[in-house]
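Please examine the model shown below. The report that follows treats an aromatic pair, a buried side chain and a pocket in turn.

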Amino acid sequence: MRDNHGMPHVLHPVHTVITHAAPYGPRSVEALSALQLPNLAQLLRQMSLSTTRQGQPEQLTPLHERVQARQLGLADAADGLIPWAAADATRLGLTAQHGSEAWAWITPCQWKIHTHHVEMAEPQHLALTPEEADALHSAMQPYFAEDGITLLPQPLGHAHTTWLAQGDIFRDLPTASLDRVAGQTVDAWMPRQAQAKTLRRLQNEMQMLLYTHPVNDARHAQGQPTVNSFWVSGTGNATPQPHTAAPPCTILHTLREPALNDDGAAWARAWQTLDRTALADLLVQLQSGDPVQLTLCGDLQAKTLESLPASWWARIRQRFAAPQPAAFLKNL
């Protein structure tokens, strides 16, 4: 195929990335054994494994975020320092006024205080209204400002659960992804560097400030979860040198919530929906001769499958040797 100038036209592969593809909770592991994914089975028989990336469950940055960052053209960074917030600030045109470094995401959340640990509820379940988010921001912003942190008012996302913040305190400060702590204990993921002492003090101050805040009073009266703390993530300094993004891809987070909650039944249903929709479409494209890539991300491995050219014998052998979906996912 050639473009209008007579030059060969390169077809970029359709790349689909599925996060939380492998189960790590016991109920999800149990659900995996009975999971039927016929379209994924077909893709495993007709595609070749091209790349395997390794991860560790104790890393601040989950493996799927590293894959996503690579697809978006963000440079490889140290653990906990992929500059997600700085990238958002650049996209929103905020760096001209506030600078391009030392950004973070601030996520209001509910901490459940237990005798021996602190657990964070899933922040998305707060579903703050714009008015609630504005009121909480107005109450919290002066305390952040006293510590040299500019807390921007624009919430990110439809659930109004994250703000951008800028301040030197975030420079070179590794932080844990929200996926590491949502629905989990926070203790092991708290930053312990000297500069993080200010953030821990701020978290304590927010517990006291928000305990009797009118937004929380109203939410409590309506049986809704209240806000009593915040989480810092997305830190990492923006790099001045340009990076070329990989070909566009579709990143699917459908499995995220049931995986984090270890809701095995919901995780299996979400996988079956993906198989009937996104993977069915991918199979059609593959069988039409379009170049296709599929990356499945677990906690330990992210494996990329491609429609690579192969000899007829290799294709036949691959069809008989391809693993079943449950076995393939179990090893991610």
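## Aromatic pair, buried glutamate and pocket

F144 and F230 are both buried, where buried means under 20% relative accessible area, with exposed over 50% and partly exposed in between (1.4 Å probe, protein chains only). The model is predicted: local features need pLDDT of at least 70, side-chain atom pairs count only at pLDDT 80 or more, and totals for chains, interfaces and linings use all residues. Residues are numbered from 1 along each chain as its sequence is written, and side-chain values use heavy atoms, with hydrogens and water left out.

The structure holds 1 aromatic pair. The ring centres of F144 and F230 lie 5.1 Å apart with the planes at 55°, so the pair is tilted. Rings of Phe, Tyr and Trp (its six-membered ring) pair if their centres lie within 6.5 Å; planes under 30 degrees apart count as stacked, over 60 as edge-to-face and the rest as tilted. The pair links distant parts of the chain, since F144 belongs to helix α6 and F230 to strand β8 (residues 229-233), 86 residues apart.

E122 is placed in the loop between β5 (118-120) and α6 (130-146). Because its relative accessibility is 6%, E122 counts as buried. Its side chain takes part in the following pairs.

| Atom or group of E122 | Partner | Distance |
|---|---|---|
| Side-chain polar atom of E122 | Backbone nitrogen of Q124 | 3.1 Å |
| Side chain of E122 | Side chain of R256 | 3.1 Å |

The pair with R256 is a polar contact, that is, a pair of N or O atoms within 3.5 Å; within protein, one must be able to donate a hydrogen and the other to accept it, and residues adjacent in sequence count only if both atoms are side-chain atoms. Leaving aside neighbours within four places in sequence, E122 is in contact (heavy atoms within 4.5 Å) with A182, G183, R256 and L260.

R256 also appears in the lining of the largest pocket, where W105, Q124, T162, L178 and R256 lie nearest the centre among 35 lining residues. Elements giving two or more residues to this lining include α3 (63-71), β3 (103-109) and α10 (256-260), while α4 gives the most, with 4 residues. The lining residues divide into 12 nonpolar, 17 polar and 6 charged. Here Ala, Val, Leu, Ile, Met, Phe, Trp, Tyr, Cys and Pro count as nonpolar, Asp, Glu, Lys and Arg as charged, and the others, Gly among them, as polar. A pocket is an open set of points on a 1 Å grid over the protein atoms alone where a 1.4 Å probe fits, with protein on both sides within 12 Å along at least five of seven lines; lining residues have an atom within 4 Å of a point.

Overall, the protein has 14 helices and 11 strands, taken as DSSP runs (H or I, at least four residues; E, at least two) numbered from the N terminus.
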